[in-house]
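Visitor: I am new to this structure and should be grateful for a close look at a single part of it. Would you please take me through the sheet and its surroundings?

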Amino acid sequence: MPNTEEKVWYWSDLADLTHATQVENFGFCTCEEQEHFPYDDCPRFFQVLVSWHEDPNDKTLTNVAIAPSLSDYPDDPLLNDDRIFFYFANQEEYDQAKRPNPNGFEFRIEETNG
Ligand SMILES: [Zn+2]
């Protein structure tokens, strides 16, 4: 855990915060409840129905996330949730996974709540 007691925070620091640095320095981000997303890189979670290209009748109801800061702060608990089947780096990748095969993924997202 970083020691936040010794660090003095300036407004300029706060203006530069991202989801990754927020979690790294303060241990949480208000996006945890998935209602407010204060930073552009806040992860977003969706419940989806996926089918596998190999067997399109084999469908799985699961959860995925769009998580732009995945590699910026690997200890982020939101990015280490074993209920998440797949993390997408951005909206574009997520939309790509909804397209029919070939879409670059082993699966296709058929339905989603968001
Ligand atoms: Zn966040």
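Guide: What follows is an account of the sheet, then of the core to which its strands contribute, and lastly of a helix.

The model is a predicted one. Its sheet is open and consists of four strands in the order 3-2-1-4, with mixed pairing. Strand 3, residues 84-88, and strand 4, residues 107-112, are at the edges; each has a single partner strand, so one side of each is left without a neighbour in the sheet. From one strand to the next, the twist averages 45 degrees.

The pairings may be taken in turn. Strand 1 and strand 2 are antiparallel and are joined by nine bridges. These two strands form a hairpin, with two residues between them. Within this pairing, V50 has T60 of strand 2 as its bridge partner. Strand 1 also pairs with strand 4, again in the antiparallel sense, over five bridges. Here S51 has R108 of strand 4 as its bridge partner. Strand 2, which covers residues 55-66, runs parallel to strand 3, and four bridges join the two. In this part of the sheet, A65 stands opposite Y87 of strand 3.

A65 leads from the sheet to the nonpolar interior. The largest nonpolar core contains 13 residues, and A65, I66 and F88 are those with the most contacts inside it. At least two residues of this core come from each of strand 1 (44-52), strand 2 and strand 4. Strand 2 gives the most, namely three residues. When residues up to four places away in sequence are not counted, A65 touches P43, R44, F45, I84, Y87 and F88. Another core lies apart from the largest one; it has five residues, among them V23, C29, C31 and C42.

V23 leads in turn to helix 2, which comprises residues 19-26 and whose buried residues are H19, A20, Q22 and V23. Seen down the helix axis, these buried residues fall within an arc of 165 degrees, so they line one face of helix 2. After helix 2 comes G27, which has a positive phi, near 85 degrees.

To draw the parts together, strand 2 pairs with strand 1 over nine bridges and is joined to strand 3 by four. Strand 2 also gives the most residues to the largest core, while V23 of helix 2 belongs to the other core, of five residues.

Technical notes. Residues numbered from 1 in each chain as written. Predicted model: local features only at pLDDT ≥ 70, side-chain atom pairs only at ≥ 80, totals over all residues. Pairing = 2+ DSSP bridges. Axes fitted to C-alpha atoms, helices over the stretch in contact; angles between N-to-C directions. Core = buried A, V, L, I, M, F, W, Y, C linked by C-beta atoms within 7 Å. Buried ≥ 20, exposed ≤ 12 C-beta atoms within 10 Å, placed from the backbone. Contact = placed C-beta atoms within 7 Å. Arc of directions from axis to C-beta.
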